[in-house]
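Open the model in your viewer and keep the selection tool at hand. The stops below say what to select and what is found there.

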Number of protein chains: 2
Amino acid sequence: MRRALAERPLPSADDHAARFARQREADRTATAEDYVELIADLLREEGEARAVDLARRMGVSQATVTATIGRLQRDGLVETKPYRGLFLTEEGGRLAAAAKARHDLVVRFLLALGLDHETAEADAEGVEHHVSEKALKAFARFLADRETPGR
Amino acid sequence: MRRALAERPLPSADDHAARFARQREADRTATAEDYVELIADLLREEGEARAVDLARRMGVSQATVTATIGRLQRDGLVETKPYRGLFLTEEGGRLAAAAKARHDLVVRFLLALGLDHETAEADAEGVEHHVSEKALKAFARFLADRETPGR
DNA sequence: TCCAAAATTTAGCCTAGGCTAAGTATTGTC
DNA sequence: GACAATACTTAGCCTAGGCTAAATTTTGGA
Ligand SMILES: [Mn+2]
Ligand SMILES: [Mn+2]
Ligand SMILES: [Mn+2]
Ligand SMILES: [Mn+2]
């Protein structure tokens with residue numbers, strides 16, 4: 001026999017609004033996180049991060065990359081040397097490191113749940129921007145329990 | 001001793017771009033999903049869904065709600081009876097039901113991982129738009145295993 | 001019935017993030 | 001050293017989704 005689904009009465013209007021506000025905030029920062037993470041990856045793996053490669057890997061036109069990089073520069077995350085690629089400021093580097101750590105944790109968690117690699121990566125690309133620190137802690141705990149099951 | 005982190009070489013540019021494209025697609029549909037889900041909740045819990053209540057609960061101005069509802073109407077998800085509130089079309093109702101089922105599954109999963117209620121709800125509000133069917137299946141499997149641990 | 005309060009719409013503005021087409025600048029090869 | 005290919009920028013466009021301020025419309029109570 002199946003238990004009735006838990007009743008979930010509507011939250012207060014203020015609480016409800018706060019949740020959506022957090023979601024909007026995450027959406028606003030997602031692009032910056034993805035760009036700096038990708039720039040850091042390219043610098044590490046290829047030695048340089050060119051705008052043209054960002055465009056290819058983001059699946060977006062070069063003009064869009066130019067505009068986005070402009071915003072990242074304005075916000076102090078990125079520096080450019082024309083025809084010499086993109087570089088991260090200190091702040092950009094910190095953001096990239098945090099984004100990558102979070103990205104990797106989400107991927108490992110989804111893999112541990114049984115997802116195939118490509119699905120885990122694809123889902124992580126969106127999910128990573130919306131998980132709280134508490135959720136990340138819970139993911140890490142889950143992974144740790146997996147590795148030392150009896151202990 | 002700690003194992004070295006798994007090397008994750010960069011995916012092909014096409015695969016990489018496909019992941020970001022999926023993320024952008026999810027972002028595009030997120031607002032519609034949240035609105036129809038909220039309209040359905042209000043209709044069920046309060047008997048009517050007024051634009052003014054959507055504004056309060058979304059944490060957004062009434063003018064913004066008017067504009068958003070206009071897009072939802074254009075897209076065949078919502079109908080309005082001025083000063084009598086908002087209603088869902090058949091398609092809107094289907095989308096709302098799917099969104100609610102997904103929302104609730106994500107919340108139950110996060111609760112099972114040990115998150116407190118408010119964090120689970122807040123995270124779910126964003127995460128729900130970025131989890132694939134495969135991930136949802138994995139979440140459901142995890143919950144089922146929890147309920148019948150020995151079996 | 002009147003009319004103030006509430007709900008809704010309209011107008012006008014903004015930013016992020018997309019696009020194409022057409023420039024301009026640099027590189028690297030012959 | 002010239003110059004084609006490549007990289008990048010600029011111009012001009014678009015939509016979604018925010019905002020405030022100012023109508024306008026409807027409701028409901030005195
Ligand atoms: Mn991402
Ligand atoms: Mn990422
Ligand atoms: Mn949501
Ligand atoms: Mn939801």
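Select chain A and chain B together: 54 residues of chain A are in contact with 54 residues of chain B, contact meaning heavy atoms within 4.5 Å. About 4700 Å² is buried between chain A and chain B, and carbon and sulfur atoms give 55% of that area. Buried area here is the accessible area (1.4 Å probe) that two parts lose on being put together, summed over both. Within chain A, pick A:Arg8, A:Arg19 and A:Arg57, which lose the most area to chain B and together make up 17% of what that side buries.

A note before going on: this is a predicted model, in which local features need pLDDT of at least 70 and side-chain atom pairs count only at pLDDT 80 or more, while totals for chains, interfaces and linings use all residues. Residues are numbered from 1 along each chain as its sequence is written, chains are lettered from A and ligands numbered from 1 in the order in which they are written, and side-chain values use heavy atoms, with hydrogens and water left out.

**Helix α5 of chain B**

Next select residues 117-127 of chain B, helix α5. Helices are DSSP runs (H or I, at least four residues), numbered from the N terminus. Is this helix enclosed or open? It is largely enclosed by the rest of the structure, because 9 of its 11 residues are buried. Buried means under 20% relative accessible area (1.4 Å probe, protein chains only). Among the buried residues are B:Thr119, B:Asp123, B:Glu125 and B:Val127.

To see what covers the buried residues of α5(B), show α1 (13-46), α5 (117-127) and α6 (133-147) of chain A, together with α1 (13-46) and α4 (90-112) of chain B; these are included in the cover. At the start of α5(B), a side-chain oxygen of B:Asp116 reaches to within 3.3 Å of the backbone nitrogen of B:Glu118.

**The manganese ions of chain B**

Stay with B:Glu125 and add the manganese ion (ligand 3). Which protein atoms are its donors? They are B:Asp34 (OD), B:Glu125 (O), B:Glu125 (OE), B:Glu128 (OE) and B:His129 (NE2), at 2.0 to 2.2 Å from the ion. Donors are N, O and S atoms within 2.8 Å of the metal (3.2 Å for Na, K and Ca); water is not among the atoms, so sites may look incomplete. Along the sequence, the donor residues of ligand 3 have the spacing D-x90-E-x2-E-H.

Now add the manganese ion (ligand 4): the distance between ligand 3 and ligand 4 is 3.6 Å, and B:Glu125 coordinates both. B:Glu125 has a relative accessible area of 3% and is buried. B:His129, at 7%, also counts as buried.

**The manganese ions of chain A**

Move to the manganese ion (ligand 1), which is coordinated at 2.0 to 2.3 Å by A:Asp34 (OD), A:Glu125 (O), A:Glu125 (OE), A:Glu128 (OE) and A:His129 (NE2). Its donors follow D-x90-E-x2-E-H along the chain. The manganese ion (ligand 2) lies 3.6 Å from ligand 1, with A:Glu125 coordinating both. A:Glu125 and A:His129 are both buried.

**DNA strand D**

Select DNA strand D and the 18 residues that surround it, the closest being A:Arg24, B:Thr31, B:Ser61, B:Thr64 and B:Tyr83. Near means that a heavy atom of the residue lies within 4 Å. Of the strand D atoms that come within 4 Å of the protein, sugar and phosphate account for 73%.

Three places to zoom in on are polar contacts, pairs of N or O atoms within 3.5 Å; within protein, one must be able to donate a hydrogen and the other to accept it, and residues adjacent in sequence count only if both atoms are side-chain atoms.

- A polar side-chain atom of B:Thr31 is 2.7 Å from a phosphate oxygen of strand D.
- A polar backbone atom of B:Ser61 is 2.9 Å from a phosphate oxygen of strand D.
- A backbone N or O atom of A:Ala51 is 3.4 Å from a phosphate oxygen of strand D.

Which element gives the most to the surface near strand D? That is α3(B), with 4 residues.

**DNA strand C**

Finish with DNA strand C, also surrounded by 18 residues, including A:Thr31, A:Ser61 and B:Arg24 among the closest. Sugar and phosphate make up 69% of the strand C atoms that come within 4 Å of the protein. A phosphate oxygen of strand C is 2.9 Å from a polar backbone atom of B:Val52, and one is 3.1 Å from a side-chain N or O atom of A:Arg71. The largest share of the surface near strand C, 4 residues, comes from α3(A).

Key:
Buried means under 20% relative accessible area, exposed over 50%, partly exposed in between (1.4 Å probe, protein chains only). Helices (H or I, at least four residues) and strands (E, at least two) are DSSP runs, numbered from the N terminus.
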